[in-house]
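This briefing is for a reader who has not met the structure before. Please look over the sequence and the fold first, then use the points below as a guide.

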Amino acid sequence: MKKCISVVVPVYNSQNTLEELASRIINAINAMDINIELIFVDDCSKDESFSIMMRIYDSFPKTKIIRLQSNYGQQNALLCGIRHAQGDYIITMDDDLQHPPEEIPKLMNKIMEGFDVVYGIPKEKMHRKYRNFGSMLTDRLFNIICRKPSGARVSSFRIMTSDIAKKVQKCSKSFVYISAITLEHTKNIGNVTVMHNRRAIGRSNYNFIKLFKLFIKLALYYSYAGNMKLLNRKPQYIISVVKP
């Protein structure tokens, strides 16, 4: 019986990239002779993203469409999608085409070596300089707070086994950060080098203030010394549409 990959994509105002993204994901995985399940989580987009996702579903029924009634943020949308994934392996990637779907076979080949999670690490990040600096700080913070293996790196382009995904699904923290949750369950992490494209359309919403707030929350919720259980509650999402 063929393995199945679930690809989870959090979506926010991405009407101009979704159809190309879906087509390239499907082509990349079909070339591997593996079953595919596409999961798009619409994080209360303001544009026509949801209509386009429904159009994708009409042409590729192995697609799940989840529409959130409020904007919960990328990490919460990811967790919601992971909770609906049924594949043997779960891939997460962004909706802006910066993660090339053609690199998915690299992730799959690496995790077959026996890793629980494999992260795609760009040869060169096509972000603004402050984003690259922020990524470096985040990596070092993960080393300290989450006890990430110093030789490993994390990113939003990853593949995990279904066993790890089931543990991630049980997150009981009100502040969700998928890589931090994953590190609570495994240190068996692999890396593989991937291409990273320039953002095709629009610009990132990250800035120094948001990065600073992220660092504070990671320290409060995920450090071994400061894990604040009084702040914890299992995230719940108001979903207006799940299709099929």
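The points below cover the sheet, the helices on it, and some single residues.

The model is a predicted one. Its strands include 8 that form an open sheet with mixed pairing. The structure holds 0 disulfides.

**The sheet**
- The strand order across the sheet is 7-5-6-4-1-2-3-8.
- Strand 7 (189-194) and strand 8 (239-243) are at the edges; each has a single partner strand, so one side of each has no neighbour in the sheet.
- On average, neighbouring strands of this sheet are turned by 15° against each other, with direction ignored.
- Strand 2 (residues 35-42) pairs with strand 3 (residues 63-68) in the parallel sense, over 5 bridges.
- Opposite Phe-40 stands Ile-65 in strand 3.

**Helices across the sheet**
- Helix 2 (residues 49-59) lies across strand 1 (4-11), strand 2, strand 3 and strand 8. Helix 2 runs at about 160° to strand 3.
- Helix 3 (residues 74-83) lies across strand 1, strand 2, strand 3, strand 4 (89-92), strand 6 (158-161) and strand 8. The angle of helix 3 to strand 1 is about 150°.

**Cysteines**
- Cys-4 has 18% relative accessibility. Cys-4 counts as buried because this value is under 20%.
- Cys-171 is also buried, at 5% relative accessibility.

**Asp-96 and its loop**
- Asp-96 sits in the loop between strand 4 and helix 4 (104-111).
- With a relative accessible area of 6%, Asp-96 is buried.
- A polar atom of the Asp-96 side chain lies 3.1 Å from the backbone nitrogen of Gln-98.

**Lys-2 and its partners**
- Lys-2 belongs to the segment before strand 1.
- The relative accessibility of Lys-2 is 42%. Lys-2 is classed as partly exposed because this value falls between the cut-offs of 20% and 50%.
- Leaving aside residues up to four places away in sequence, Lys-2 touches Asp-33 and Asn-35.
- The side chains of Lys-2 and Asp-33 make a polar contact at 3.2 Å.
- Lys-2 and Asn-35 are 33 residues apart in sequence, while their C-alpha atoms are 6.5 Å apart in space.

Definitions and conventions:
Residues are numbered from 1 along each chain as its sequence is written. This is a predicted model: local features need pLDDT of at least 70, side-chain atom pairs count only at pLDDT 80 or more; totals for chains, interfaces and linings use all residues. Side-chain values use heavy atoms; hydrogens and water are left out. A disulfide is a pair of cysteine sulfur atoms within 2.5 Å. Buried means under 20% relative accessible area, exposed over 50%, partly exposed in between (1.4 Å probe, protein chains only). Two strands pair if DSSP finds at least two bridges between them. Helices (H or I, at least four residues) and strands (E, at least two) are DSSP runs, numbered from the N terminus. Axes are lines fitted to C-alpha atoms, for helices over the stretch in contact, and angles run from 0 to 180 degrees between N-to-C directions. Contact means heavy atoms within 4.5 Å. A polar contact is a pair of N or O atoms within 3.5 Å; within protein, one must be able to donate a hydrogen and the other to accept it, and residues adjacent in sequence count only if both atoms are side-chain atoms.
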